[in-house]
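Reader: I am new to this structure. Please show me how to read it, feature by feature.

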Amino acid sequence: MNRTVDIVGVGWSGFGSITPDLSYKEMIFQAATRAYADAGIDPRNDAQGFVTAAEDYHEGTSIFDEYTPDQLGAVLRPMHTITGDGLHALAAAYMNIASGLMNVVVVEAHSKASNILTLDHITAFAEDPTFERPLAINPVALAGLEMQRGLDAGRYTVEQCAQVVVKNKNNALANPAAAYAAAIGKKPVLEAQPLATPLTRLMAASHADGAIVFVLADSDTAKRFKGKPVRVRGIGWANDTPALDSREWLDAKYARKAAEMAYRVAQIRHPRGEIDFAEVDDTFAYKELQHLEALQLTEPGQAGALTEQGATERAGALPVNPSGGGLGVGSLLDANGLARALEVVLQLRGEAGARQLHKANTGLAFAWRGLPTTSGAAVVLSN
Amino acid sequence: MEHLVYPSKGLSEQAFEKREVLFETWHVKAEYAWDTGVAIGKYLAELKEGRIVGRRCFKCKRVMVPPRMFCEHCFRPTDEWAYVQDIGTVKTFSLCYVRWDMVRLTEPEIPAVIDLDGASRGMGIMHKLGAVDSRAVKIGMRVQAVWKPPAERTGSITDIAYFKPL
């Protein structure tokens, strides 16, 4: 029992602000075909299980899990869907393998955000119907409320948040899959239209379409495949209270708890010394800073200063979001966590091309489920 | 251990009438425009032209309707378009006396699954039967599509008005 688990194949389709040429099924088939070729497996014979992450209201179809098998090669195979982030699905696959129930499990998540005509309404629909929705405030205001608290508490400055945008959008220039790369400076970020103060339009990730598929296997089985295995050393997840009226609005406790679990499983005692780089949720620029502190990758209140000093750039001491993050790649709804983990895998395999990091032996991917949630998941990967 | 955590009592109709019992209500605004992509895009475009198109998989030899760009059994890309007949055989049917919005009907609607000629065995279309005495409908019955006039077609499965006995 408690077998070690490897990621043996990855594939993706996209990412783009719109993808009218492909249906979601065709997009997923493309990502799956690449992942299976990467692992060197035939899903019809080699994969015992399939897990997807999808949210019915993002898909526009209730009981969406019924629609997932065909495009993954999962017809008449064990298959289930998790209404969470892709990293929650990765955790389910990890457990299937670690427990000995299955040897090879496929994980999938995708976004067709461009197909949701009323995405803000869907996000608002996630709010509490009694205490929050009747106010009819755009949910982006929740990010404004939280960012304001962080500024007031001296955790970061507006300029430091703008620097996160500058870093990530510039990082994305070296990522052919990124939808929102830009050679941009701080000024346009600071002067962009306000969404909900102090948050400007450019401090929020724009949505993108895309699909991501991973193949996981126990380490013995992984040896039989051609792919370069990446070890899943630890995985964890946690939720805070959903209540907006009694949240702390300062620390991302969900991130702290999720990472603590992942570090415990990975037997990491000093994250700062043992994690070489991180891909963390930056749906809103301040979130990257807030998450870095909660993940114990910086001292409290230091993430902003380190960002300004360049420490989180690709050439820095702690590269953060070398892929471009959500700000540069695009926000992929339920696939955000897999997008973060995908970059960690590519970096660990030395296949990140122009954005390849110098030192990449252990990386962390962290996903937040977006507004209005306090749902987080973390995974530690090593080569 | 306490069995009842909350003080509770039976509710009377009066309590509802007097609005002593409150409810939360919400109307969700959920609107979508799905990319049809290659296979379904072609399927709908062909329906508009009064034709039913499928895809052939060279490996398992199936002609699949509705078309798909990958074969879900072989897990490989499908290979070519293949037109099928708008004539087929009723695989199963039901006389449905409740409309989709729960209104009771005296004349039933007749949803049917129809295996289409030219498609592989067991593949076809889920549609409705019309211009038929509901008592005469049988599994195995041969039926043909009744198309809407070209000007009324929109690229939808409802471009076929219904299937009628051949």
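Author: Start with contact, which means heavy atoms within 4.5 Å. Leaving aside neighbours within four places in sequence, I114(B) is in contact with ten positions, among them G88(B), M123(B), V143(B) and F163(B).

Reader: What kind of model is this?

Author: This is a predicted model, where local features need pLDDT of at least 70, side-chain atom pairs count only at pLDDT 80 or more, and totals for chains, interfaces and linings use all residues. Residues are numbered from 1 along each chain as its sequence is written, chains are lettered from A and ligands numbered from 1 in the order in which they are written, and side-chain values use heavy atoms, with hydrogens and water left out.

Reader: In which strand does I114(B) lie?

Author: Helices (H or I, at least four residues) and strands (E, at least two) are DSSP runs, numbered from the N terminus. I114(B) lies in strand β8 of chain B, residues 104–116. The C-alpha atoms of I114(B) and D101(B) are separated by 24 Å, and the two are 13 residues apart along the chain.

Reader: Is I114(B) buried or exposed?

Author: Buried means under 20% relative accessible area, exposed over 50%, partly exposed in between (1.4 Å probe, protein chains only). I114(B) has a relative accessible area of 0%, so I114(B) is buried.

Reader: What does T52(A) touch?

Author: Leave out residues up to four places away in sequence. T52(A) then touches T68(A), L72(A), M79(A), H80(A), T81(A), I82(A), A89(A) and E108(A). T52(A) is found in strand β2 of chain A, residues 49–53. T52(A) counts as buried because its relative accessibility is 0%.

Reader: How do I read a helix?

Author: An α-helix has 3.6 residues a turn, so residues three or four places apart point the same way. Now take helix α12 of chain A, residues 285–294: 10 of its 10 residues are buried. The buried residues include Y286(A), K287(A), L289(A) and E293(A). Just after α12(A), Q296(A) takes a positive phi of about 65°.

Reader: How many strands form the open sheet of chain B, and in what order?

Author: Two strands pair if DSSP finds at least two bridges between them. In chain B, 3 strands form an open sheet in the order β2-β1-β5, with antiparallel pairing. The edge strands are β2 (63–64) and β5 (80–84) of chain B, each pairing on one side only. Strand β1 of chain B (residues 52–56) and β2(B) pair over 2 bridges. One bridge partner is V63(B) in β2(B), opposite R56(B).

Reader: Why is chain B called more spread out than a compact globule?

Author: The radius of gyration is taken over C-alpha atoms, and the globule rule is 2.2 Å times the number of residues to the power 0.38. Chain B has 2 helices and 11 strands. The radius of gyration of chain B is 24 Å, well over the 15 Å that the rule gives for 166 residues, so chain B is more spread out than a compact globule. The C-alpha atoms of chain B fill a box of roughly 70 × 40 × 40 Å along the principal axes.

Reader: What is the radius of gyration of chain A?

Author: Chain A has 19 Å, which agrees with the value near 21 Å for a compact globule of 383 residues. Chain A comes to 15 helices and 11 strands. Its C-alpha atoms fill a box of roughly 55 × 45 × 35 Å along the principal axes.

Reader: What share of each chain is buried?

Author: In chain A, 62% of the 383 residues count as buried. In chain B, 36% of the 166 residues do.
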